[in-house]
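Subject: Structure handover

Hi there,

Here is the structure I promised to pass on to you. Have a look at it first, and then read on for my notes.

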Amino acid sequence: MYYGRIMSEELKPYPDVNPQPNFPELEARILDLWNQSKTFEKSVERRSSGKKGSNEFVFYDGPPFANGLPHHGHLLTGFVKDIVPRYRTMQGRRVERRFGWDCHGLPAEMEAEKELKISGRQQIQEFGIEKFNEYCRKSVLRYTNEWEAYVTRQARWVDFKNDYKTMDLPYMESVMWAFKQLWDKGLVYEGHRVMPYSWACETPLSNFEIRLDNAYRPRQDPAVTVLFTLEKQPQDPAPLKLMIWTTTPWTLPSNLGAAVGQDIDYAVLQEGDSAYVIAEAAVEKYKPQLKEAKKIGSMKGSQLVGRRYRPLFPYFKDTPNAFQVLAGDFVNTEEGTGIVHMAPGFGEDDQKLCESHGIPTICPVDDQGKFTSEVKEYQGLQVFDANKEIIKDLKSRGVLVRHDSYEHNYPHCWRTDTPIIYKAVSSWYVSVTKFKDRMVELNKQINWIPAHVRDGQFGRWLENARDWSISRSRFWGAPIPVWKSDDPRYPRVDAYGSLDELERDFGV
């Protein structure tokens, strides 16, 4: 109706609209129009960068791997990555959008191993590192055409012609430059620390990686309670035996210490010629095992600190300062017995506490998660497989109090879906803790959407940020640009920030 009259066909301000439109056809027509008229390219070219780039809006896109096809996660985030640059373009900003490809790292290597039917560092080295890397180089760009088709089809504006690849020499040189900047500022270092370790990939993982893709999942592990016998002192009513609980029996052969809480109350219960020490709060949990024992006293954890005990296994019996009771502020009575066994090669808290008392870090497990010759009875056994044999041995020696099945959320490798272990390894770290407070401060200035992320998940993550492990014990990646002298007479470490610096010192 128009002013009460039916409009004639000639007066219609719009054409007829098909009540059943073909949306895919409409989309294809629009995409073709954009392509023919170079709409995206013109949206960039017609906007000035401004003085010193003042009119630029810089958008950094985390690049995907091209050795697999895009999934719904890529497409969903792709729409968000398209909306923001379009909005800034409509505001008159110059927004260059170069597509990038993540070519390096574990995903590429794992795919190459699978296709080459090889597995692990040793087989890669036998195959030939140069040949292996060349295979990775070709395989990582296998689906670039498919990616371009998908991304274009979802109407995302992005520049594929001037793309970048993490395996390009200029890109790798920029990584070297960034490393050198951190080095010069004292923000990068090499450390031998306990880290999440993927024995299937034979490389350490950062704490961030073991939180990817819901890496934590329920897993059943054996939990054992064992006895550590203290060296006798005159005031002891009988040989005192510490009751210690652990969900990693495989770490017991590497035990070098025991930790108690200084202010925790411990009960002393006697049965026959032996007396057991356990946290008062844990006695009820062990009622079936202690039903014949009578309480004869109690003590604070501080009274146990400094006392020595007999090694449970003989492998490292001559380790200096080892096999003593230490005070640990992380000890509690919520689980277990209130006494924690310390294996500094396999626990972060263990390593810190033991090192503070001069106890060295010993790690008799190889790159594949198997025991080395240092523990000859279990040599060659993968640590999780060794649990059964170790428990059997403990039982035969009469030091096993209880054996349970324990279900808990446990981290898994995000690439192989195998349970990780914690293991002392050498790695390069960025000293995040040195500038953590500044990050927390700057986070307050960011307009987060939704707003609760700022002080919620992301804010808490920043407040608890730790030094970041950036190196991997693999082959296909940007090299750490560090040269270390192997001559003890001339100790020296140099970091390089460019290819010119390398050529200056080495001639190549």
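To start with a small puzzle: what kind of contact do the side chains of D184 and K180 meet in? They form a salt bridge, with an N to O distance of 3.9 Å. Before going further, please keep in mind that this is a predicted model.

Back to that pair. D184 and K180 both belong to helix α8 (residues 169–184), and because they are four residues apart there, about one helical turn separates them. Their surroundings are not alike: D184 is exposed, at 51% relative accessible area, whereas K180 is buried, at 18%. The cut-offs explain the labels, because buried means under 20% and exposed means over 50%.

Salt bridges elsewhere

The count of salt bridges comes to 31. Another one sits in helix α10, where E389 and K392 are three residues apart, about one turn of the helix. The N to O distance between their side chains is 3.8 Å. Both partners count as partly exposed, E389 at 35% relative accessibility and K392 at 49%.

R492 and D494 also meet through their side chains in a salt bridge, here at 2.6 Å from N to O. D494 is buried, with a relative accessible area of 17%. There is a network as well: D61, K81 and R156 are joined by salt bridges that share partners.

The nonpolar cores

In soluble globular proteins, nonpolar side chains tend to be buried together. In this model, the largest nonpolar core has 71 residues, and F228, L242, W250, Y266, L304 and F371 have the most contacts inside it. Helix α10 (residues 383–396) gives the most to this core, with six residues.

If you want one residue to center your view on, try L242. Leaving aside residues up to four places away in sequence, L242 touches V226, L227, F228, L230, A258, V277, L304, V325 and I339. A second core, separate from the one above, has 19 residues, and F65, I124, F132 and W476 are among them.

A four-stranded sheet

Which strands stand at the edges of the open sheet? The order of its four strands is β4-β3-β14-β15, with antiparallel pairing. The edges are β4 (203–204) and β15 (468–469); each has a single partner strand, so one side of each is left without a neighbour in the sheet. Strand β3 (residues 188–198) runs antiparallel to β4 and is joined to it by two bridges. Within that pairing, Y197 stands opposite P204 in β4.

On the surface

W483, F506 and V508 make a nonpolar surface patch of about 320 Å². V508 lies in the segment after α14 (499–506) and counts as exposed, at 77% relative accessibility.

One last residue to look up is F79, in helix α3 (residues 72–90). F79 counts as partly exposed, at 42% relative accessibility. Along the chain, F79 and Q154 are 75 residues apart, while their C-alpha atoms are separated by 7.8 Å.

That is the tour. Happy to talk any of it through once you have the model open.

Best wishes

Methods
Residues are numbered from 1 along each chain as its sequence is written. This is a predicted model: local features need pLDDT of at least 70, side-chain atom pairs count only at pLDDT 80 or more; totals for chains, interfaces and linings use all residues. Side-chain values use heavy atoms; hydrogens and water are left out. A nonpolar core is a set of buried Ala, Val, Leu, Ile, Met, Phe, Trp, Tyr and Cys residues joined through side-chain atoms within 4.5 Å. Buried means under 20% relative accessible area, exposed over 50%, partly exposed in between (1.4 Å probe, protein chains only). Contact means heavy atoms within 4.5 Å. A salt bridge is a side-chain nitrogen of Lys or Arg within 4 Å of a carboxyl oxygen of Asp or Glu. Two strands pair if DSSP finds at least two bridges between them. Patches are made of residues with over 30% relative accessible area and no salt bridge: like charges are joined within 9 Å, nonpolar side chains (Val, Leu, Ile, Met, Phe, Trp, Tyr) within 5 Å. Accessible areas come from the Shrake-Rupley method with a 1.4 Å probe; for residues, only the protein chains shown count as cover.
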